[in-house]
Structure formats: C-alpha cells, structure tokens
Amino acid sequence: MDGPCLFVLLLLTATALADGAQTGGGKGEAAFVGVNIGTDVSDVLSPSDLVSLLQRQKITQVRLYDVDKDILKALARTSIQVMVGVPNNQLLAIAQSNATAAAWVQRNVAAHLPDTDIIAIAVGDEVLTSLPSAAPLLLPAIKSIHSALVSAALDSKVYVSTPHSADIIVDPFPPSQAFFNQSFNSVLLPLLQFLRQTGAPLMMNLYPYYVFMQNKGVVPIDNALFRPLTPAKEEVDPNTLLHYLNVYDAMIDAAYFSMENVNVTDVVVMVTESGWPGKGDSEEPYATIDNADTYNSNLIKHVLDRSGTPKHPEITSSVYIYELFNEDLRPLPVSEMNWGLFYGNGTPVYLLHVSGTGVFMANDTTNRTFCVAVEDADKKMLQAALDWACGPGHTNCTEIQPGEVCYDPNNVKSHASYAFDSYYQKEGKVGGSCDFNGVATVTTTDPSHASCIFPGRYFFFDFSNPKHPQKQAEAARV
C-alpha cells in the first residue's frame, strides 16, 4: 500500500544489533512510533499548520512518500525527524544515471540539511510486488542514491532502504517456516547484503488487518487487535514453541526467519506502515472506528513498552502508523480513504487510548472532558453565569453571537454550555473552573453539533490561535 509517512530507525550495525537493538532504533536510539503523511486530501492543513499539529501531538518522526519542499521547509528547526521517498516513477532515471541521483540528493536532501532533520530515504515503495517490472531497477537506484550521499558526505547522517509488502514472504505462519518468495531472490539477496553493509533496516509494511480479513475463522480478531488472549487462543510455533499473542509480532518474526533462511542475521526490521481502517464498505465490516482505535492504541503501547517479539525480545521494531490523515481523494474501496487518525483539517477521527505511554499522541480520551450547563438549571442563574463568562471571565464567546456557527439553537442553555466549555478549556480544566454557582458540570460526551465545534474537541489546539480550524472557517466567511 502506498501512502505518506516517516518513521525513523537509525543505522544498525552487526555490533549494534547485539548491543543496541534492544532499543529498536539503532545506534542506541529507542524504538519509536512515527506517522505516514499522505496528501491525497481535499481539505488539508497548510504546511505550517501541519507542523503545529505534529508538535502538539508530540510526534517527532514522520515519513513522506515524496519530497514536498513546502513541508520540508515548515519542518525546519523543529525536533521532527523526516524520512523522504523516491517515488516508483523516478526509479528508472535514478537507476540509469549517477548524475541524476546526485542531483536528486542535492535538491531534495542536501538543500534542506541541517535545518530540516532528514535522516532516511525510502527508494520506491513495495516495488517487488506492486511494480515487478521495475524490480531490476530497485537495487541500482538504491546504490546510486547511497553513492550520492557518500559523495556529499551525508551517508553517516542519512540511510537508504526500501519498503516491502508482507507478500514478499511465503508461508508466514508459523514464523519459523517463513521464507522469501524465491522469484525475488535476485533482488532481495544483494539488497540484504547492502543493508548489512550500510547498517540500514529491512523496511516492511505490515497489516494484521489484511491477515485477519484473508483468514477469518482461522485468525481470531483478538489476535489481530493486540487484545489479551486466553492461553487457548495463543498461537504456538510448533518448531520453536514460541507463543504469539498477536499477529503483528508473528509478521515481524516471519521477516527475521526469512532473513535467517538466507544466512542474514544482522539486519533489523523496521515497520514502515501499519494501521487499521476506521471505515469500510459492506465487504469490510471490521473496518470500524472502534477497531482502528483499539489496534493503533495497542500498537503504540506495544512499541513503547519495548517488549520485542518472541524471537527477538531484545529488539523492538520502530513503526510508522498508516496514517496521519484520512485521504478522501484515494480510490475505492472505502477503507482506502479511512486509515487516518485525523481528518485533513486536523480534527481527530477518533481519540486514541494511550495514557501511560508518555506524551506521544495527545489525543487521548482520558483527557477529553467538556463543561456544559446542568440539565434543568435555573435560566436566570444560567444567564448570570453566561454574562460573567463572556465578561469578567474573559471567555471567547464570538461563536455564540448572531450569525456565528454556534448561535443556533438560540437559547440560554446552549449558549451557556459553549461559554462554560470555552472558559473551562481556557483555564486548563483546573478544579473549580466548571461550576458557575452550581449550574455547570463536567461531561465526557462531546456537546458539539452540526458545524458548532466546542473548544473541548480541540483541547490539543491553542483555541485562541487564528489558525484553529473553526477560526479559519470564520475567516473564510468574512
């Protein structure tokens, strides 16, 4: 599957595999979670707003499928590390000309360093399985890009690899029986030697969603979603007696066993894509927001727990979630448009349950509360509280003025709820900020309606910022 995202796994040598791979990042770096950033979106944030969203969500690793100069410029002087991509349609030119590769590196990488922290180049995407006619071009293109990096003295800073579909592996379960499709050996074997020599990872796009959909009745959905399993539901590899509690780990270990079967044991696996669609058509009943939330929340916790896999408990693979935005311009099926954590304007599609894993991905339901008017509250007391909130309370009440998006329904309870929530969020949801003499209460139910979005929906935004999505809508009306 193609799509945009960046995730960082730093160079890993054979020694580092033993000494540092337990951290998953190579060169002593910890395993991390990043995101793919797709741009087939009709209502997309500007590059500067995109970077603001990434920073608010504490996302420090991103993968871009192409080179978007405006996004790279917006990422300059941030702590966000970037993987850029060479599209499949550019492989021929780069594979056939070192000068073309050098020009590509100069224009798309060197020109942005060091301000923008580009740390990896993904050359092509799933070439062996999606564009087999271009397979002979893949390794020459990778080597040309790497040679250009060497000439520019950037090879110690930027590594090169290529993402593969899980379909390059035959007989993936039990993992110990997995092996690479031999029709790809002429490319894969020298590619693995290159990765070993340069310390770059084997990039894999791994989707337990598709494994489950293709094996319904055989693979329980709990295994695909990282849900806790009873011992009877644990999958056991009969050759190694290793117990697999989830499909994701089994897919990673299938890649390790496949490499081991061709005598490669010192290349680490990086997962460049993994996710779950939040919506599908009638043929995809398991593409739901609840399942997407469950999978991605558990994936994040699984990686940040650094528990590794049954074969390599000392190695935790970094992963890039597919993907940041729903790409509504992608073709059918419906699921293709609905892998995102956010809509293109920055509104969350759902709120991840990742509390306890640090500050990554701040859109967590455990922090999402609203302040609204108490049901059956005295109207005079509500009016007095509303007047105070919009006056001495210095609350932003613009949206409940006539003609604005939250004016309707035009009643004191509705207007008071918006003002109360605006004050509550402005005050950081501290104790006592949702009381208003007993006519307000805290709720986890989102009171937003139609185009009226309550401030609590955007608790991770600076609501006073004119670039807030609702502020942008107001500016458009003016």
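**Entry 1: the largest pocket**

Which elements each supply at least two residues of the lining of the largest pocket? I looked this up in what is a predicted model, and I found strand E11 (202–205), helix H9 (208–214) and helix H11 (247–260) in that role. Of these, I noted H11 in particular, since the largest share of the lining, 4 residues, comes from that helix. The space in this pocket comes to about 820 Å³, and 31 residues line it, with Ala166, Tyr207, Val211, Gln214 and Met251 lying nearest its centre. When I sorted the lining by residue class, I wrote down 17 nonpolar, 8 polar and 6 charged residues.

**Entry 2: the cavity**

I then turned to enclosed space, and the count came to 1 cavity of 30 Å³ or more, with about 50 Å³ of space in it. Its lining is made up of Tyr248, Asp249, Ile252, His302, Val303, Gly308, Thr309, Thr316 and Ser317. Helix H11 and helix H12 (289–304) are the elements that give two or more residues to this lining, and H11 gives the most, with 3 residues. By class I recorded 3 nonpolar, 5 polar and 1 charged residue here. I note that H11 thus appears in both entries, as the element with the largest share of the pocket lining and as the one that gives the most to the cavity lining.

**Entry 3: confidence**

How far does the confidence hold along the chain, and where does it stay under 50? The average pLDDT is 86, and 87% of the residues score at least 70. Over residues 1–28, however, the pLDDT stays under 50, although the model has 131 contacts beyond four places in sequence for this stretch. Over residues 459–478 the pLDDT is likewise below 50, and this stretch has 51 contacts beyond near neighbours in sequence. I leave the details of both stretches aside, because predicted coordinates should not be read in detail where pLDDT is low.

**Entry 4: the chain as a whole, and its cores**

I counted 15 helices and 17 strands in the protein chain, and of its 478 residues, 57% count as buried. Among contacts between residues at least 6 apart in sequence, 71% join residues that are at least 24 apart. The largest nonpolar core has 114 residues, and those with the most contacts inside it are Leu54, Trp104, Val109, Ile121, Ile145 and Leu202. I followed Ile145 further and found that, leaving aside neighbours within four places in sequence, this residue is in contact with Val86, Ile94, Ala101, Trp104, Val105, Ile121, Val123 and Val160. A second, separate core of 25 residues includes Cys371, Leu382, Ala389 and Ala419.

Leu54 led me to helix H2 (residues 47–56), in which Asp49, Leu50, Val51, Leu53 and Leu54 are buried. After H2 comes Lys58, whose phi is positive, near 60°.

**Entry 5: Ile289**

Is Ile289 in H12 buried or exposed? Neither word fits, because its relative accessible area of 38% makes Ile289 partly exposed. Beyond four places in sequence, Ile289 is in contact with Gly278, Val349 and Tyr350. I also noted Pro277, which is 12 residues from Ile289 in sequence and 7.5 Å from it in space, C-alpha to C-alpha.

**Entry 6: backbone details**

Where are cis peptide bonds found? I found one joining Phe173 and Pro174, with omega about 0°, and Pro174 lies in the loop between strand E9 (169–170) and strand E10 (179–180). I found another joining Tyr322 and Glu323, with omega about 10°, and here Glu323 lies in the loop between strand E15 (319–321) and strand E16 (370–373).

I closed with two residues other than glycine that have a positive phi. For Asn263, phi is near 65°, and its place is in the loop between H11 and strand E14 (269–274); at 64% relative accessibility, Asn263 counts as exposed. For Asp376, phi is near 65° as well, and its place is in the loop between E16 and helix H13 (379–390). I count Asp376 as exposed because its relative accessibility is 74%.

Technical notes. Residues numbered from 1 in each chain as written. Predicted model: local features only at pLDDT ≥ 70, side-chain atom pairs only at ≥ 80, totals over all residues. Heavy atoms only, no water. pLDDT = per-residue confidence, 0-100. Contact = heavy atoms within 4.5 Å. 1 Å grid on protein atoms, 1.4 Å probe; cavity = no way out; pocket = protein on both sides within 12 Å on 5 of 7 lines; lining within 4 Å. Points joined across faces, edges and corners; volume = space filled by probe spheres on them. Nonpolar A, V, L, I, M, F, W, Y, C, P; charged D, E, K, R; others polar. Core = buried A, V, L, I, M, F, W, Y, C linked by side-chain atoms within 4.5 Å. Buried < 20%, exposed > 50% of the residue type's maximum accessible area, 1.4 Å probe, protein only.
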